[in-house]
Amino acid sequence: RNLPESYGSPYGLLPLRQRIAGLLAERSIGAEPTQVLLTQGANDALDMIVRQYVEPGDPVLVDNPGYY
């Protein structure tokens with residue numbers, strides 16, 4: 001089985017990030033392709049946000065029932 005040596009950017013496919021940045025610009029939202037991060041879905045995105053901004057012991061609100 002031949003696996004590629006590189007899976008590409010961990011931020012996602014550059015042409016897609018460029019297109020998203022262009023669509024955001026049409027809505028007067030300034031974002032460079034280097035500021036766009038693609039994830040596998042909403043759960044991955046929320047997980048990254050929580051890990052970046054929430055410290056252990058910080059209070060958070062969650063839906064009940066929730067996914068996890």
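Helices are DSSP runs of H or I with at least four residues, numbered from the N terminus. In this predicted model, the protein chain holds 2 helices and 0 strands. The helices are α1, covering residues 14–26, and α2, covering residues 42–53.

A handy place to start is α1, whose length can be checked against its residue count. With 13 residues at 1.5 Å a residue, α1 should span 18 Å, and its end C-alpha atoms are indeed 18 Å apart, so the two values agree.

Just after α1 comes a backbone feature worth a look: serine 28 adopts a positive phi of about 60°, even though serine 28 is not a glycine. This residue belongs to the loop that runs between α1 and α2. The side of the picture that concerns solvent is equally clear for serine 28. Its relative accessible area is 70%, and because the cut-off for exposed is over 50%, serine 28 counts as exposed.

A second backbone feature appears further along the chain, in the segment that follows α2, where proline 65 is found. The peptide bond leading from asparagine 64 into proline 65 is cis, and its omega is near 5°.

Turning to the chain as a whole, 7% of its 68 residues count as buried. The protein chain exposes about 6,500 Å², and carbon and sulfur atoms supply 55% of that area.

Notes: Residues numbered from 1 in each chain as written. Predicted model: local features only at pLDDT ≥ 70, side-chain atom pairs only at ≥ 80, totals over all residues. Heavy atoms only, no water. Buried < 20%, exposed > 50% of the residue type's maximum accessible area, 1.4 Å probe, protein only. Expected span 1.5 Å × (residues − 1). Areas by Shrake-Rupley, 256 points an atom, 1.4 Å probe, with all protein chains shown as cover.
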